[in-house]
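Subject: Structure for your review

Hello,

I am passing on the structure we talked about. Please look through it first; my notes follow below.

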Amino acid sequence: MSTDVQEISLEDGRAAYGTTLRGVSVLRHPLLNKGTAFSADERAALELNGLLPTLVSTDMEGQLDSAYAHYSAQPTDLDKHVYMWELHDDNVTLFYALIQRHLLEMLPVVYDPTVGEAIEKFSEIWRRPRGVFLSISDAGTVEERLRNYGLEEGGVDLIVASDAEEILGIGDWGANGIDISIGKLAVYTAAAGVNPHRVIPVILDVGTDNEKLLNDPQYIGAKHSRVRGERYDAFIDEYVTAARKLFPGAVLHWEDFGSTTARVILDRHRDEVATFNDDMQGTGAIAMAGLINAVSLSGTAWADHRVVVLGGGTAGCGIADQIAARMQQEGATAEQAYAQIFVVDLPGLLTDDMTDGLLDYQRPYAKPAADVSGWARTRVESDVAAALRWPAMAALRDARAKDGIIDLATVVAEVKPSILIGTSTTPGEFTEPIVKTLAEAHAHPIVFPLSNPTPLAEATPTQILTWSDGRALVATGSPFDDVELNGVAYRIGQANNAALYPGLGFGAIVGRVKKISDEMIAAAAAAVASQADLSEPGAALLPSNGRLRETSALVAIQVIRTAIAQGLNGVELDDPVEAVRAAAWWPEYRSVVAQ
């Protein structure tokens, strides 16, 4: 809370806000503003008489109806996105109540995928600053700038930070990426009940390699290329140190960092603070939730599956890591687990002779080059665009262009995997011959085209189910309609991180965990999987996002129980279920008391 607003309790135990603000300042404060819902007594005490219409309506329903009408009148999703955030800046409670009422409809507008378009057009739609902008050129002043946000020690539960190097499927968008941090926090509140007044969105502005932004006179960020190396590492360390000092109980969430930095940052700090990277761990865990159910339906034991992952970045390898861990839990050795997972990226199948181009987290999956020397190779064109995203991989692909690469089709033909996962952001990569190869080798092949937004999916569920005669087990990264085939309605589960990270983060907050362990993330995945009803033919492998509050609560409870079992809880909780219920924030108007 800011210094002019405090959370207080009334004599009857109800939560309320106390404030020293008066008049127009109250109405301009998005936490306090209730519009016509201010009572007559509140209007008198807060000096609001004459500043509001005569109507006194403590029922939010009329306001919700009006706000939804304004929302629906917007001509495009981007316009709706802008309207919603303008509503947020006017009345936070009404903003979240509206999302709560229309959750499935509005989450894709407030966050992914519409947030991608908002980021691309940020300089055009930017209205007012939200969050904290930390520039590497201001290194040495991070603590001061975080303090300027106005929240006191003990008043922050969660900070989402991004350097915006790899935003969704659209790449490097520099300081415009503040919208990612803002949107992520909105999902935390809508999906899990994280208190929106105890969070901070942060952009770590280290420059951008996006030429369009560098040449845009309206671009809001630092106009220089991305800073890397020791100076970058020192800046990240300064941010973590300042955040821990000012807000020692806050969970630190990392979002949309580049492939070369995401794992390094996480490994550097995960044992000293409660922190996680959603692109790596969250994506891996939500995919694992779908895989838990798919493997159960497939009739094949975990240790007997062969896996091909298309896309060797943080998401793809994060999923591979969790599959390897699960295989080992089910009896495979580490060597066996890694041997059964094949990763295909820009230079084709990752092999151990790609020493100069592989990132540390890719190396466990690199196959011995000698073992695949006889596999067919395909000539490829140089991928110039990839060089902007991943220089080492692009250089490798260019170097192999003349000799050809071992592409996805070849790997599938040779391996005949039972699980195929896509995180490539390249549409159409799961072709009919590839899916048919899987279907010929397995009764129920598992095919997860997880790239998003929707146009970037490696294949559509309709294609996969048609090519496999309805036998494939499918989950996607973007929303797709049900598929009618052979008299069965196939419901397509969406491996949307929103079903997992809000509950994971909320559990970490309520339990004041000392670190977020792999076991907590595995517990979160199992909790999400348990919410899917697999009893009907064609059932979705993942629960509907329409039940996010229920799913997130279950995830939070299991995270806390795991933390307690590991001795990583920072507070004593006799009843995790009640602790989660009591801590959850709901968008309800509170009394405002003049102080």
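Helix H23 covers residues 518–530, 13 in number, and spans 19 Å from its first C-alpha to its last, close to the 18 Å expected at 1.5 Å a residue (the expected span is 1.5 Å times one less than the number of residues). Helices here are DSSP runs of H or I with at least four residues, strands are E runs of at least two, and both are numbered from the N terminus.

This is a predicted model, in which local features need pLDDT of at least 70 and side-chain atom pairs count only at pLDDT 80 or more, while totals for chains, interfaces and linings use all residues. Residues are numbered from 1 along each chain as its sequence is written, and side-chain values use heavy atoms, without hydrogens and water.

The buried residues of H23 (under 20% relative accessible area, 1.4 Å probe, protein chains only) include Met-520, Ile-521 and Val-528. Among the elements covering them are H14, H15, H22 and H24, with contact meaning heavy atoms within 4.5 Å.

There is also an open, parallel sheet of five strands, ordered E3-E5-E4-E6-E7; strands pair if DSSP finds at least two bridges between them. E3 (132–135) and E7 (275–277) each have a single partner strand, so one side of each lacks a neighbour in the sheet.

E6 (residues 251–254) is joined to E7 by three bridges, and Trp-254 stands opposite Asn-277 in E7. Helix H14 (residues 278–298) packs on the sheet and touches E6 and E7, its direction making about 75 degrees with that of E7. Axes are lines fitted to C-alpha atoms, for helices over the stretch in contact, and angles run from 0 to 180 degrees between N-to-C directions.

Regards

How values were computed:
Buried means under 20% relative accessible area, exposed over 50%, partly exposed in between (1.4 Å probe, protein chains only).
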